[in-house]
Amino acid sequence: VDVRGFGETKTRAWRASGEYFGNNGAEFFFAYQVGRSLMGARMIDVMAAEQSLRSSGEHDLPMELVGVGAAGPVVLHAAAMNPGRYPKVTTIGAIESWQTVFDSPVTIHQLENTAHAAWKFYDLPDLVKVIGPEKVVIENPVDVMGRPLTDR
């Protein structure tokens with residue numbers, strides 16, 4: 001499933017620097033201005049897609065979530081909102097913690113990985129704890145510049 005800002009709904013950078021904010025920087029700011037978050041909207045997209053598949057009656061097997069890149073934090077949020085619902089949640093090429101974003105003076109394309117003021121209350125590893133660490137697979141994590149972490 002392509003959540004908003006991915007696949008066919010991917011935009012090009014406009015009104016906000018694509019170099020640092022990514023292609024969805026303007027969408028992030030639009031959501032912020034109306035009291036929403038792009039992360040939250042994407043999480044709703046994931047849950048709506050699952051509901052649509054289940055209500056069609058064609059898919060009643062357990063579903064696994066996989067988030068690539070900026071979709072990694074999205075699937076962690078969706079799974080944490082429904083603990084026990086997904087037997088496996090995988091992130092591929094995603095950041096592991098918002099703390100690393102705040103600790104770095106420069107980041108590339110991390111804006112869409114954030115949720116407004118959430119860091120005051122939790123970080124991404126806390127979502128893994130809610131989901132159940134045994135159900136979460138983190139493949140090829142990246143740093144805040146999008147480079148693969150090599151200390152694994």
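Is Val75 buried or exposed? Val75 is buried, because its relative accessible area is 4%, where buried means under 20%. The close-up views below come from a predicted model.

**View 1. Val75 sits in helix 4.** The relative accessible area of Val75 is 4%. Arg42 is 33 residues away from Val75 in sequence. In space, the C-alpha atoms of Val75 and Arg42 are 8.8 Å apart. Helix 4 itself covers residues 71-81.

**View 2. Three strands form an open sheet.** The strand order is 1-2-3, and the pairing is parallel. Strand 1 (65-68) and strand 3 (136-139) stand at the edges. Each has a single partner strand, so one side of each has no neighbour in the sheet. From one strand to the next, the twist averages 10°.

**View 3. Strand 1 pairs with strand 2 in the parallel sense.** Four bridges join strand 1 and strand 2. Within this pairing, Val66 stands opposite Thr90 in strand 2. In a regular strand, side chains alternate between the two faces of the sheet. Strand 1 has a covered face with Leu65 and Gly67. Its uncovered face holds Val66 and Val68.

**View 4. Strand 2 and strand 3 run parallel.** Strand 2 spans residues 89-92. Four bridges connect strand 2 to strand 3. Ile92 has Glu139 of strand 3 as its bridge partner.

**View 5. A β-α-β unit links strand 1 to strand 2 through helix 4.** The unit is right-handed. Its helix, residues 71-81, is also the place of Val75.

**View 6. The largest cavity has a volume of about 30 Å³.** Rolling a probe the size of a water molecule over the atoms shows where empty space is left. The count comes to one cavity of 30 Å³ or more. Leu76, Thr91, Ile95, Glu96 and Ile138 line the largest cavity. By class, this lining has three nonpolar residues, one polar and one charged.

**View 7. Helix 2 covers residues 25-33.** Its buried residues are Gly25, Ala26, Glu27, Phe28 and Ala31. An α-helix has 3.6 residues a turn, so residues three or four places apart point the same way. Gly35 comes just after helix 2. Gly35 takes a positive phi of about 80°.

**View 8. Ala117 has a positive phi, although this residue is not a glycine.** Most residues other than glycine have a negative phi. For Ala117, phi is near 60°. Which helices flank the loop that holds Ala117? The loop lies between helix 5 (98-103) and helix 6 (124-131). Ala117 is partly exposed, with a relative accessible area of 45%.

**View 9. Asn140 has a positive phi of about 45°.** Asn140 is not a glycine. Where is Asn140 placed? Asn140 is in the segment after strand 3. Is Asn140 buried or exposed? Asn140 counts as exposed, because its relative accessibility is 55% and exposed means over 50%.

Technical notes
Residues are numbered from 1 along each chain as its sequence is written. This is a predicted model: local features need pLDDT of at least 70, side-chain atom pairs count only at pLDDT 80 or more; totals for chains, interfaces and linings use all residues. Side-chain values use heavy atoms; hydrogens and water are left out. On a 1 Å grid over the protein atoms alone, a cavity is a set of points where a 1.4 Å probe fits but cannot get out, and a pocket is an open set with protein on both sides within 12 Å along at least five of seven lines; lining residues have an atom within 4 Å of a point. Grid points are joined across faces, edges and corners, and a volume is the space filled by probe spheres set on the points. Ala, Val, Leu, Ile, Met, Phe, Trp, Tyr, Cys and Pro count as nonpolar, Asp, Glu, Lys and Arg as charged, and the others, Gly among them, as polar. Two strands pair if DSSP finds at least two bridges between them. Helices (H or I, at least four residues) and strands (E, at least two) are DSSP runs, numbered from the N terminus. Axes are lines fitted to C-alpha atoms, for helices over the stretch in contact, and angles run from 0 to 180 degrees between N-to-C directions. Buried means under 20% relative accessible area, exposed over 50%, partly exposed in between (1.4 Å probe, protein chains only). A crossover is right-handed if, with the strands pointing away from the viewer, the path from the first strand over the helix to the second runs clockwise.
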